[in-house]
Structure formats: structure tokens, C-alpha cells
Amino acid sequence: MLGLVTVLIQWRAIVNSVGSRALPIELHREEAEGGRTAVTCSESDVDGKAEASVAVETFRCFPGPSLRPFSDHQSSVLDYLDSRRKVHKDAIRFCQSILQRKPIDWEPVLRHDLSRPIQNVDLVVTIGGDGTLLQASHFMDDSIPVLGVNSDPTQAKEVEDLNDAFDATRSTGYLCAANVNNFEQMLDDILEDRSVPSKLMRIAICVNSRLMPKYALNDILVSHPCPAAVSRFSFRIKKDDQPCSPLVNCRSSGLRVSTAAGSTAAMLSAGGFRMPISSQDLQYMVREPISPGAASSLMHGVVKSDQVMDAAWFCKEGMIYIDGSHVRYSIEHGDNIVISSKAPALRVYLSSHVLS
């Protein structure tokens, strides 16, 4: 029986193109003088208790000195975004109503409010998509399992119908085993010990022998902070401090290293291969190598669970990006970077199709 559950919530935001702030909003459009469109935004918290209204200036549809009305295309996009917001908000309310009926104590936490390690709870439930689960993982060790709820799954028919207008892909939710249709059943299975979480390997990064505080569940990218700049680095694979591969000197767009869980994401899109979800190995790929020559076969490979990748950075500046762009560490010329799977595993409840 669970004692305390932390519920991490992704607050769906629609970003206006005039202001710098992203607001969770309800859109109300009215025709104003001169055919322009006024947009009124209503902002509320998760429980709908605190509300505020803000008037947002109509964004400029095209370059020019005057504001233009929304086109049919832009209206369709706004309707689609508002639909996504409503679906996501309904999913939050639904999951909260289920939790209220169960014999557990639970605490809601907004994703952007998460800043300290998650401790002293029995389960973490994330409501959003893979990104919400990834962010939660950065504050978790291997003692607490997590259940991801995909609040806004992609609808194949919608993507097909709107393909000529815009990309209507919603949330993939690869790591999210639950949605509104099966959340209660999955929660009951967890409460009654009928479900067992899987252990997913993560990536540990040491820079100059100092362990970075965040582990990567999906992947890391080591690159120059400017995407148009060349990344210069070298690497070799080692085991027990002895080299297992020759030294590889690279000029490229950077180095990506993924876990098994992350092998279906950017790594697969870049030409990598899908790894069994239970694999403890890492997959690496040098991005867009410049004239690799005889080292071509070493631009893509695997770091076994008992091995490490030992890299050196040779640009004035650089970045290590963890699971996307939000978590990053600066590096500089001469830094030593050791990448391995020697990180605490994350316990995640996964769907059967991911496990198979």
C-alpha cells in the first residue's frame, strides 16, 4: 500500500508572439475596430482557484507597421492549440479525481516548481508527456518508482486530416504507460502490488573527475553552443582504465550518447538503431563528422555497461546538454569528460509494447 504520492504536472502553455512570457491561457477572440482581432487570455492555477485576466496585444501576422487580422490558417492553429490545452487540463482533473478516491495521500507539484530532490514518497506520477517524466527523473534516485500519464496522446486521424495545414502531432508518450483510459487500472495494480517497475539505465557524466549532479535518462549531446560552429574533440572507449579502442579525433557537429530508452528518440532519427529497453549499454554517434577518413567505422558504436567513453574537448567553449536543452553544463578547452552507464537506474512503469 502506498503512503504518499507526488504528482508532477506539466502546465500546458500557449505562447503569444508579442510578450516574453508563456501563459496557460484560454483564448477568446473578438473582432475589433478595423478588422483586427483582440485576444483575451484567462490564466488559472491547476485547481482553478486563482484566476487572472490579461489582455494580449494581437500578434503581427506579417512584417509591417500595422497589425493584421488572423488568417484562416492561424485561426485553425489557435483552435488546435486551445483544444490541446483543454484535453491536457481535463486529463489533470480526471487523474486528480481518481487519486482523491484512493486510500493514499498525494501532493500536486507543478513541473516548473520542481527544484529539489524528490524524497520520502512511495510513487511519483507525472501528467504530461515524456518531457515531464524526463524532468522528474532529474530529481529522482533509484528508490522511488515513477508512472507517466500521457495527458494528450497523438491522434492519428487528426494528424492525417490536418497534414496539409500544419503538424498536428501531439504527445508521443513513449515512456508513459498510462493515459486517462487506463490510469485508474494501472494505479490499482500498483496499489495492490500487481505491477512491477522496470529499471532503466541512465548516463553519468564526470567533467574533470567531478560527477555532474543530473543523470540523463534519454541522451546527452556534447557540442559547441552555436549549432553552426565546429565541435572539436577526441574520444576512446576504455575498460578498467585500459583502452578498448583507438583514439578518435573529431571535427563535427558534436557527440550524442543515448541510453536504451533514448535510442528511440533523437538517436534513431539520426540513423542509430533501436536498443532493447532493458539494455545496460550506451549508444554513441558523432554528428556530421567532417572528413572522418579511416575512422569512419568509429563514428557510431556502443559503450558496454562495463566500459566508459573518455573524451577530451578542444574548443574554447562547449556545452553538455542533458535530455534536451533545459539542463546543460558548460565545458571549455582541455576539459576531460567521462561518460558511462554507472548511474542509479530509474524505476519506471512501462507499457507492454515498450517492454516487448
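## A tour from Leu282 outwards

Start by selecting Leu282, which, once its neighbours within four places in sequence are set aside, is in contact with Ile203, Val257, Ser258, Thr259, Met275, Gly301, Val302, Val303, Ile339, Ser340 and Ser341. Bear in mind throughout that this is a predicted model. Leu282 belongs to strand β18, which covers residues 282-287, and with a relative accessible area of 1% it counts as buried, because the cut-off for that class is under 20%. Now add Ile203 to the selection and draw the C-alpha to C-alpha distance: Leu282 and Ile203 are 79 residues apart in sequence, yet they lie 8.1 Å apart in space.

From there, keep Ile339, one of the contacts of Leu282, and turn to the cavity that Ile339 helps to line. How many cavities of 30 Å³ or more does the structure hold? There is 1, and its volume is about 50 Å³. To display its wall, select Val222, Phe233, Leu255, Ala311, Ala312, Trp313, Ile337 and Ile339. Two elements, β20 (308-313) and β23 (336-340), each give two or more residues to this lining, and the largest share, 3 residues, comes from β20. Colouring the wall by class shows 8 nonpolar residues, with no polar and no charged ones among them.

Next, select helix α2, residues 130-137. Is this helix largely enclosed or largely open? It is largely enclosed by the rest of the structure, since 6 of its 8 residues are buried. The buried positions to highlight are Asp130, Thr132, Leu133, Leu134, Ala136 and Ser137. When viewing the helix along its axis, it helps to recall that an α-helix has 3.6 residues a turn, so residues three or four places apart point the same way.

For the cysteines, go to Cys250 and then to Cys315. Cys250 has 7% relative accessibility and therefore counts as buried, and Cys315, at 6%, is likewise classed as buried. No disulfide bond needs to be drawn anywhere, as the structure holds 0 disulfides.

Finally, colour the whole protein by pLDDT. The mean is 84, and 81% of the residues reach 70 or more. Over residues 12-64, however, the pLDDT is below 50, although this stretch has 105 contacts in the model beyond near neighbours in sequence. Where pLDDT is low, the predicted coordinates should not be read in detail.

How values were computed:
Residues numbered from 1 in each chain as written. Predicted model: local features only at pLDDT ≥ 70, side-chain atom pairs only at ≥ 80, totals over all residues. Heavy atoms only, no water. Buried < 20%, exposed > 50% of the residue type's maximum accessible area, 1.4 Å probe, protein only. Helix = DSSP H or I, 4+ residues; strand = E, 2+ residues; numbered from the N terminus. 1 Å grid on protein atoms, 1.4 Å probe; cavity = no way out; pocket = protein on both sides within 12 Å on 5 of 7 lines; lining within 4 Å. Points joined across faces, edges and corners; volume = space filled by probe spheres on them. Nonpolar A, V, L, I, M, F, W, Y, C, P; charged D, E, K, R; others polar. Disulfide = S-S within 2.5 Å. pLDDT = per-residue confidence, 0-100. Contact = heavy atoms within 4.5 Å.
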